[in-house]
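Here are a few exercises to work through with the model open in your viewer. Try each task before you read its solution.

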Amino acid sequence: MIRMTVEPTVAVTTLERALRQLMRREFEQRYGPAWLDHVTTPEQREKWKGRYDQEVARRPGVVAVPSVGLEYSELYELIQIAERHWEPLSGALGKKAKVVTLLEHFERVRNSASHSRELMPFERDLMSGISGEIRNKVTLHMTSTAPDGDPYPRIESVVDSFGDSIDIVPQLSEIAGKSWRYVIVQPGDSVTFTCVGVDAQGRDLEWELRSTKSGGSDQAVSRSGEPVELTWRVQEADIVESNAINIQMSVKGATYHRANGFDHRVFFMYRVRPLSEP
């Protein structure tokens, strides 16, 4: 199957996401619930708190922003953390000297792109290749270290157009996560979900969104590791105080799946109210 070079912004996002997910899982297993305090400094956490506060101030009442923590780290900070605490990550990433060199090279090229300097084609290919290699290493590790092994794809992230995201459940099962924020929407509204899934074998992924109240649906296909959008168009038939939007993902054309016809899914809960109160 032919794979195209991904855009630099996608390469950065997927690389950072893979590193954060790996760190959360491996550091928590090694250091326990207080792992963040163990692998980061008070200065780093204070800096991330400042970024969080700025995000909340810039976007009041518009979106849900992630809670303070690793989500507000930048790539260079993730590399610093990895260098200092490599051993728990080595099972997934391999030899420190080789991988840190790749990450540092990726960061140098990313800096050029972030300052609006046009990248050469080989630099775009390099960013895409490094991002894909790290993401695949993380995916294969999480698959191989599941209790019984796991040949199925997994959802990495889903974010709705309000900025609400799923806290991914670290244990692999058919449910990747849920959101209970209960944003209020009305008929005529549209809610867009940006979804990313990964498959250790690089197969294409099929996505389906369905409202459990009205049955309204949307479908899309993505490449492994790349974002795809699904849209829920709210209908009068959706009106209820607790409406679950089910988003499920599966390998395209696969014979077998983790669950009944799909591999991984998430739920978002909404309150759907009429345009005029009864």
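Helices (H or I, at least four residues) and strands (E, at least two) are DSSP runs, numbered from the N terminus. Residues are numbered from 1 along each chain as its sequence is written. This is a predicted model, where local features need pLDDT of at least 70, side-chain atom pairs count only at pLDDT 80 or more, and totals for chains, interfaces and linings use all residues; side-chain values use heavy atoms, with hydrogens and water left out.

**Exercise 1.** Take stock of the chain: how many helices and strands are there in it?

Solution. Start with the elements: the protein chain has seven helices and eight strands. Next comes burial (under 20% relative accessible area, 1.4 Å probe, protein chains only): 46% of the 278 residues are buried. Then look at contacts, meaning heavy atoms within 4.5 Å. Of those with a separation of 6 or more, 69% are between residues 24 or more positions apart.

**Exercise 2.** Work out how far α1 reaches from its first C-alpha to its last, and what comes after the helix.

Solution. Helix α1 covers residues 8-31, 24 residues in total. The expected span is 1.5 Å times one less than the number of residues, and for α1 that gives 34 Å. The model has 33 Å, close to that value. Now check its surroundings: 17 of the 24 residues of α1 are buried, so the helix is largely enclosed by the rest of the structure. Right after α1 sits Gly 32, with a positive phi near 90°.

**Exercise 3.** Find which residues touch the most other members of the largest nonpolar core.

Solution. A nonpolar core is a set of buried Ala, Val, Leu, Ile, Met, Phe, Trp, Tyr and Cys residues joined through side-chain atoms within 4.5 Å. The largest one has 33 residues, and Leu 19, Met 23, Leu 93, Phe 106 and Ile 134 touch the most other members. Elements giving two or more residues include α1, α6 (96-114) and α7 (121-144). The largest share, eight residues, is from α1. A second, separate core has 25 residues, among them Trp 207 and Met 249. Back in the first core, pick Leu 93: beyond its neighbours within four places in sequence, its contacts include Leu 19, Trp 86 and Ile 134.

**Exercise 4.** Trace the open sheet of three strands: what is its order?

Solution. Strands pair if DSSP finds at least two bridges between them. The order is β1-β3-β6, with antiparallel pairing. Each of β1 (154-160) and β6 (228-233) has a single partner strand, so one side of each lacks a neighbour in the sheet. Finally, β1 and β3 (residues 190-198) share six bridges, and Ile 155 has Gly 197 of β3 as its bridge partner.

Technical notes. Buried means under 20% relative accessible area, exposed over 50%, partly exposed in between (1.4 Å probe, protein chains only).
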